[in-house]
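User: I'm new to reading models like this one. Please walk me through the terms, and show me how each label is earned.

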Amino acid sequence: MNDTIISISDLTKIYTMGEIQVAALAGVSLEIEEGEFTAIMGPSGSGKSTLMNILGCLDQPTSGSYLLDGIETSELSDEQLAWVRGRKIGFVFQGFNLLARTSALEQVELPLIYSRASNRRQRALEALDAVGLGERVHHTPTELSGGQQQRVAIARALVNDPVLILADEPTGALDTKTTDEIIELFKRLNQERGITVLVVTHEPEVAVHTRRTIYLRDGLISKDERRTGRVAATPGGGDTGNGKLICPKGLLCPYAAPLSAQPDGYAVAHARAEEVGEPQ
Ligand SMILES: Nc1ncnc2c1ncn2[C@@H]1O[C@H](COP(=O)(O)OP(=O)(O)OP(=O)(O)O)[C@@H](O)[C@H]1O
Ligand SMILES: [Mg+2]
């Protein structure tokens, strides 16, 4: 049995704007086990970012409890929260949040400087290598594509060996192909390193890659769905849970066959479709 990484109970976040109070989170309880790969979905304004910011120790709840890897965070000082953040959590944002005129290598070294870690250069190089940017370590953000910039941000999130990676719409600014590559990277980090990953997304094509999807509505969990069987095995493809496959454009793929009946059929069909230029 895995350890529980996230345990929140009756969490609320109330924003007061003049006379009006907005319950961005209205009493959320949730447990996430070590090694899970989870998507968070929900309409705009439903509280996804508010929840992620609290889970990432970037913000404190108004009430309720949050145990992160066994530590009760609601009782920690700002300084202690920063310590927890630096050692346990990697955060990835939609807009990459990289520093201008700073090389990929220096961006990734930064968290190690904050946590006064040793071997900084070596560890930053390893993290960049792990996200496939070993050849681009001296490039600055303007010298990198959107997908490459997000890889730098993921390397930065990874470099402190976090137990948890939180990504708030990490593919929101990327095209479909790059989205697939980034999601594939999260999936690999989850499977190979056992890092627990939570991804906020508006895109169903992203959520099909996870085993669990939590839906928020009006600051509450409206649905907590676990997928059984295989999840998408090929970048861009996904098992919708009913045996049908969806293609990278989110359409039902005309070549789809149930994965159980034709394990490699999806990849083969897509390769063929690309070869002959048929619509996918
Ligand atoms: N700093 C703030 N002050 C006041 N209200 C806020 C603040 N941050 C968020 N809210 C409100 O809290 C609610 C939840 O916002 P949140 O940003 O968590 O939504 P979201 O699900 O991430 O939406 P989106 O999909 O658009 O990113 C919204 O009604 C929003 O207006
Ligand atoms: Mg948001």
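Analyst: Start with helix 1, which is mostly covered, with 6 of its 8 residues buried. This is a predicted model: local features need pLDDT of at least 70, side-chain atom pairs count only at pLDDT 80 or more, and totals for chains, interfaces and linings use all residues. Residues are numbered from 1 along each chain as its sequence is written, while chains are lettered from A and ligands numbered from 1 in the order in which they are written.

User: What makes a residue buried, and which ones in helix 1 are buried?

Analyst: Count the other C-beta atoms within 10 Å of its own, with C-beta atoms placed from the backbone: 20 or more is buried, 12 or fewer is exposed, and in between is partly exposed. In helix 1, Lys48, Thr50, Leu51, Met52, Ile54 and Leu55 are buried. Across the protein, 39% of the 280 residues count as buried.

User: Why is Gly95 called partly exposed?

Analyst: Gly95 has 13 other C-beta atoms within 10 Å. That falls between 12 and 20, so the label is partly exposed. Gly95 sits in the loop between strand 6 and helix 3. Its C-alpha atom is 8.3 Å from that of Gly172, although 77 residues separate the two along the chain.

User: How are helices and strands picked out, and how many does the protein have?

Analyst: They are DSSP runs, numbered from the N terminus: H or I over at least four residues for a helix, E over at least two for a strand. The protein has 8 helices and 12 strands.

User: What makes a residue part of the shell around ligand 1, and which residues are there?

Analyst: The residue's C-beta atom, placed from the backbone, must lie within 6 Å of the molecule. Those around ligand 1 are Tyr15, Met17, Val22, Ala24, Gly42, Ser44, Gly45, Ser46, Gly47, Lys48, Ser49 and Thr50. Strand 1 (4–17), strand 2 (20–33) and helix 1 (48–55) each give two or more residues. Helix 1 gives the most, with 3 residues.

User: How do the residues of that shell divide by type?

Analyst: There are 4 nonpolar, 7 polar and 1 charged. Ala, Val, Leu, Ile, Met, Phe, Trp, Tyr, Cys and Pro count as nonpolar, Asp, Glu, Lys and Arg as charged, and the others, Gly among them, as polar.

User: How do you know that strand 1 and strand 2 pair?

Analyst: Two strands pair if DSSP finds at least two bridges between them. Strand 1 and strand 2 have 11 bridges, in the antiparallel sense, so they qualify. In one of these positions, Ser7 stands opposite Glu31. The two strands form a hairpin with 2 residues between them, and Gly18 in the turn has a positive phi of about 65 degrees.

User: Which strands are edge strands in the open sheet?

Analyst: The sheet has 4 strands in the order 2-1-4-5, with antiparallel pairing. Strand 2 and strand 5 (71–72) are the edges, since each pairs on one side only. Strand 4 (residues 63–68) and strand 5 are joined by 2 bridges, which meets the minimum. There, Leu67 faces Glu72. Strand 1 and strand 4 share 5 bridges, and Ser9 has Ser65 as its partner.

User: Why is helix 5 called largely enclosed?

Analyst: 11 of its 13 residues are buried, so the rest of the structure largely encloses helix 5. Its cover includes strand 6 (89–93), helix 3 (104–114), helix 4 (120–130), strand 7 (164–168) and helix 6 (176–193).

User: How do you know that the span of helix 5 agrees with what is expected?

Analyst: The expected span is 1.5 Å times one less than the number of residues. For the 13 residues of helix 5 that gives 18 Å, and the end C-alpha atoms are 18 Å apart, so the two agree.

User: What makes a nonpolar core, and which members of the largest one touch the most others?

Analyst: A core is a set of buried Ala, Val, Leu, Ile, Met, Phe, Trp, Tyr and Cys residues joined through C-beta atoms within 7 Å. In the largest, with 60 residues, Val108, Leu128, Ala155, Ile165 and Leu166 touch the most other members. Helix 5 (residues 146–158) supplies the largest share, 6 residues.

User: Which residues are in contact with Ala155, beyond its neighbours within four places in sequence?

Analyst: Contact requires C-beta atoms, placed from the backbone, within 7 Å. Ala155 meets that with Val108, Ala127, Leu128, Ala130, Val131 and Leu133.

Notes. Two residues are in contact if their C-beta atoms, placed from the backbone, lie within 7 Å.
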